[in-house]
Amino acid sequence: MLNQSSVTEFLLLGVTDIQVLKPVLFVIFLAIYIVNVAVNGVILMVVISDSRLHSPMYFFLGNLSCLDICFSTVTLPKMLENFLSTHKAISFLGCISQLHFFHFLGSTEAMLLAVMAFDHFVAICKPLHYTVIMNHQVCTQVAVTVWIIGFFHALLHSVMTSRINFCGSNRIHHFFCDVKPLLELACGNTDLSEWLLHSVTGTIAMGPFSLTLLSYFYIIICLFFKTHSCSMLHKALSTCASHFMVVVLFYAPVVFIYIRPASGSSVDQERIIAIMYSVVTPALNPLIYTLRNKEVEGALRRVIRRRL
């Protein structure tokens, strides 16, 4: 149930107040958004259309590409609109909806990265049991479970935030609606919401991150003590290094924003970090991870040849 406060809309103050920079930033962020949607869209199309990529690894990569498109779409179109508009308002319901989908997609991606790390562990350390452990039914159930958990985690935040009383300023010092900037505008007690933000979001973030590190710990042990082929070792390390780079790019900003003490960061710092994980990282993920993959490149060439 939505709150009964006097605030019916919020003003998103955006990335900068400097008017000269706004057209330049609009072009830069529009280019990043186009790259993100185009590259992730191509990867999603290739994974779906090429039967050779119908394996657990590429099934989860397809999920990641879908998440990256949706994740940046939650925040970027509104930010682009505000660069060109003098009226930067967003309705109360629109703000809560943006908050919900931001945390829904973000927490889902955090858990999906852990699942992908486990998939690498099984493929490298238990290759003979891989098709049994990571069969199609299991992969589908895991993916659905991750999306459902992410949805209800976000629902918790959106419901709690919607019930907060906002009776003062409606100016949000950010380019999208998030829990922390909204809590700064609240008039009542926000202890429960702050506790939920740090504890529940911390668990959603650090739990999968710990599982990812554990998977890589066992992968490293397995590679150096059981693998005698240099080519296999190089291929496995290359795949894991790409995935781990994506993990670091995703988790480092999340830890900075949601888990570390708020007193240590400024509004400008938080906005820059938020740009990294909500705008830049979704566009970098496919460039770092998927497009370096020879199987994806081969599948892309086959799709292009079929269409020509």
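Is Cys-222 buried or exposed? Cys-222 is buried, its relative accessible area being 6%. That residue is a handy way into this predicted model, and we will come back to its sulfur below. As a whole, the protein has 10 helices and 3 strands, and 49% of its 308 residues count as buried.

**Overall layout**

- Following the sequence, you will meet the elements in the pattern β-α-α-β-α-α-α-β-α-α-α-α-α.
- The unreviewed UniProt entry carries the annotation "transmembrane region" for residues 20-46, 58-80, 100-118, 138-156, 204-225, 237-259 and 271-291.
- Take residues 58-80 as one of these spans: the model shows 100% helix and 0% strand there, and the C-alpha atoms at the two ends are 32 Å apart.
- Residues 100-118 are likewise 100% helix and 0% strand, with 27 Å between the end C-alpha atoms.

**The small set of strands**

- The 3 strands make an open sheet with mixed pairing, ordered β2-β1-β3.
- In that sheet β2 and β3 are the edge strands, each pairing on one side only.
- Strand β1 (residues 9-12) runs antiparallel to β2 (residues 89-91), and 3 bridges join the two.
- Between β1 and β3 the direction is parallel, with 2 bridges.
- Leu-11 is a good residue to click on: its bridge partner in β2 is Ala-89, and in β3 it stands opposite Arg-171.
- Next along β1, Leu-12 has Ile-172 of β3 as its bridge partner.
- The side chains of β1 alternate: Phe-10 and Leu-12 point to one face and are buried, whereas Glu-9 and Leu-11 point to the other face and are not buried.

**Cysteines, bonded and free**

- The whole structure holds 1 disulfide.
- That bond runs between Cys-95 and Cys-177, with the sulfur atoms 2.0 Å apart.
- The link of Cys-95 and Cys-177 is left-handed, at -120 degrees about the S-S bond.
- Distant parts of the chain are linked by this pair: Cys-95 belongs to helix α3 (residues 92-125), while Cys-177 sits in the loop between β3 (171-172) and α6 (179-183), and the two are 82 residues apart.
- Both Cys-95 and Cys-177 are buried.
- Cys-70, by contrast, is in no disulfide, and the nearest cysteine sulfur, belonging to Cys-66, is 4.3 Å away.
- Cys-70 counts as partly exposed, at 31% relative accessibility.
- Why does Cys-222 have no bond to Cys-125? The closest cysteine sulfur to that of Cys-222 is in Cys-125, and the 3.1 Å between them is too far for a bond, since a disulfide needs sulfur atoms within 2.5 Å.

**Salt bridges**

- Side chains of opposite charge can pair when their charged atoms come close.
- The count here is 2 salt bridges.
- In one of them, the side chains of Arg-302 and Asp-50 meet at 3.1 Å, N to O.
- Arg-302 lies in helix α10 (residues 294-307) and Asp-50 in the loop between α1 (21-49) and α2, so this pair ties together parts that are 252 residues apart in sequence.
- Arg-302 counts as buried at 19% relative accessibility, and Asp-50 is buried too, at 3% relative accessible area.
- Lys-78 forms a salt bridge with Glu-81, where the closest N and O atoms are 3.6 Å apart.
- Both Lys-78 and Glu-81 lie in helix α2, 3 residues apart, which is about one turn of the helix.
- Lys-78 counts as buried at 15% relative accessibility, whereas Glu-81 is partly exposed, with a relative accessible area of 41%.

**More on helix α2**

- Ser-72 is also worth a look, as part of helix α2 (residues 56-84).
- Ser-72 counts as buried, at 0% relative accessibility.
- Ser-72 and Ile-32 are 40 residues apart in sequence, and their C-alpha atoms are 9.9 Å apart in space.

**A nonpolar surface patch**

- Leu-211, Leu-214, Phe-217, Tyr-218, Ile-220, Ile-221, Phe-224 and Phe-225 form a nonpolar patch on the surface, together giving about 860 Å² of accessible area.
- Phe-217, one of the patch residues, is located in helix α7 (residues 191-226).
- Phe-217 is partly exposed, with a relative accessible area of 48%.

How values were computed
Residues numbered from 1 in each chain as written. Predicted model: local features only at pLDDT ≥ 70, side-chain atom pairs only at ≥ 80, totals over all residues. Heavy atoms only, no water. UniProt positions renumbered as here; feature names shortened; annotations may be inferred. Helix = DSSP H or I, 4+ residues; strand = E, 2+ residues; numbered from the N terminus. Patch = residues over 30% accessible without salt bridge, like charges linked within 9 Å, V, L, I, M, F, W, Y side chains within 5 Å. Areas by Shrake-Rupley, 256 points an atom, 1.4 Å probe, with all protein chains shown as cover. Salt bridge = Lys/Arg side-chain N within 4 Å of Asp/Glu carboxyl O. Buried < 20%, exposed > 50% of the residue type's maximum accessible area, 1.4 Å probe, protein only. Pairing = 2+ DSSP bridges.
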